[in-house]
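Me: I am new to this structure and would like a close look at a single part of it. Please start from one residue and work outwards, in plain words, so that I can follow along on the model.

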Amino acid sequence: MAVKIRLKRIGKKRAPHYRIVVMDARTKRDGRAIEEIGKYNPKTEPSFIHVESDRAQYWLGVGAQPTEAVEAIFKASGDWQKFRGEDAPAPLRVKEPKRDKQEIFNEALAEAHGTLKTEAVTAKKTAAKKTAAKSDDTAKDDAPKAAEEPKKAAEEPKKAAEAPKAEAAEAPAEAAAEAAPADDAKA
């Protein structure tokens, strides 16, 4: 049985992605593979190449034949030179990490105004800040209950102060009512 290391196409129309696979030479291009040993995306700049080097070395060592495209990928990643015992090539180019949108905005703001006067927006919350915010929310939920207790305590003395006033207002009315029947009795 002839074993080949070749590309298996995945992805949409006009947006191909490939898996580097080991498969029987008689199977279809996208058929069942023996093992997947890497990934290749030619559409990104620079092209994305990821090869599991130890598995590629194993399959090359037992006689699996790479196709021309896979051989070029192995040469770019250094696996072909490692297999042949040659010097390794220059390392692969790696895509630069994306810049933060806030950083880009602040740079544009500084260019427009000459100097950065204020920060544009606040940074996103981190996990630690989110947990702190949750604990603050629970404290805020407890705060209204705590705020109600002093209000109740403040209302109790007012009620106590109002009670004697009400009793005092009732006392002259009662005294007047008691005095009125006495006057009626004299007459």
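Reply: Beyond the residues up to four places away in sequence, E71 touches P66 and W80. In this predicted model, E71 sits in helix 2. Its relative accessibility is 24%, so E71 counts as partly exposed. Now look for R6: it is 65 residues away from E71 in sequence, yet the two C-alpha atoms are 8.9 Å apart in space.

From here you can step into the sheet. It is an open sheet of 5 strands in the order 4-3-2-1-5, with mixed pairing. Strand 4 and strand 5 (65–66) are the edges: each has a single partner strand, so one side of each is left without a neighbour in the sheet.

Let us walk through the sheet, pair by pair. Strand 1 (residues 3–12) and strand 2 (residues 15–24) run antiparallel and are joined by 10 bridges. To find your place in this pair, pick out I5, whose bridge partner in strand 2 is V22. The hairpin made by these two strands has 2 residues between them. In that loop you will find R14, which has a positive phi of about 55° although it is not a glycine. With a relative accessible area of 72%, R14 is exposed.

Next comes strand 3 (residues 35–41), which runs antiparallel to strand 2 and is joined to it by 5 bridges. Here V21 has E36 as its bridge partner in strand 3. On to the edge: strand 3 and strand 4 also pair in the antiparallel sense, over 4 bridges, and K39 stands opposite H50 in strand 4.

The loop between strand 3 and strand 4 deserves a pause. P46 lies in this loop, and the peptide bond joining E45 to P46 is cis, with omega about -5°. T44 is found in the loop between these strands too. A polar atom of the T44 side chain lies 2.9 Å from the backbone oxygen of P46. The relative accessible area of T44 is 26%, so it is partly exposed. T44 also has a distant partner in sequence to look for: K95 is 51 residues away along the chain, while their C-alpha atoms are 8.8 Å apart.

What lies across the sheet strands? Helix 1 lies across strand 1, strand 2, strand 3, strand 4 and strand 5, and it runs at about 120° to strand 3. For one link in this area, turn to E35, which has its place in strand 3. The side chain of E35 makes a polar contact with the side chain of R55, at 2.8 Å. Apart from its neighbours within four places in sequence, E35 is in contact with I20, V21, V22, R55 and W59.

Two of those names, I20 and W59, lead us to the largest nonpolar core, which has 17 residues. Those with the most contacts inside it are I5, I20, I37, V51, W59, I73 and F74. Two or more residues each come from strand 1, strand 2, strand 3, strand 4 (48–51), helix 1 (53–61) and helix 2 (68–77). In soluble globular proteins, nonpolar side chains tend to be buried together.

I20 is a good residue to click on if you want to see how these pieces meet. Leaving out residues up to four places away in sequence, its contacts include I5, L7, I37, V51, V70 and I73. The contacts of I20 also include R6, E35, E36, G38, K39 and H50. R6 and E35 are already familiar from our walk: R6 was set beside E71, and E35 is the residue with the polar contact to R55.

To finish, place this part within the whole chain. There are 5 helices and 5 strands, and along the sequence they follow the pattern β-β-β-β-α-β-α-α-α-α. Of the 187 residues in the chain, 19% are buried. Taking contacts between residues at least 6 apart in sequence, 31% join residues at least 24 apart. Further along the chain is helix 4 (residues 101–113), whose 13 residues should span 18 Å at 1.5 Å a residue; its end C-alpha atoms are 18 Å apart, which agrees. After helix 4 comes G114, with a positive phi near 90°.

Note on methods
Residues are numbered from 1 along each chain as its sequence is written. This is a predicted model: local features need pLDDT of at least 70, side-chain atom pairs count only at pLDDT 80 or more; totals for chains, interfaces and linings use all residues. Side-chain values use heavy atoms; hydrogens and water are left out. Two strands pair if DSSP finds at least two bridges between them. A nonpolar core is a set of buried Ala, Val, Leu, Ile, Met, Phe, Trp, Tyr and Cys residues joined through side-chain atoms within 4.5 Å. Buried means under 20% relative accessible area, exposed over 50%, partly exposed in between (1.4 Å probe, protein chains only). Contact means heavy atoms within 4.5 Å. A polar contact is a pair of N or O atoms within 3.5 Å; within protein, one must be able to donate a hydrogen and the other to accept it, and residues adjacent in sequence count only if both atoms are side-chain atoms. Axes are lines fitted to C-alpha atoms, for helices over the stretch in contact, and angles run from 0 to 180 degrees between N-to-C directions. The expected span of a helix is 1.5 Å times one less than its number of residues.
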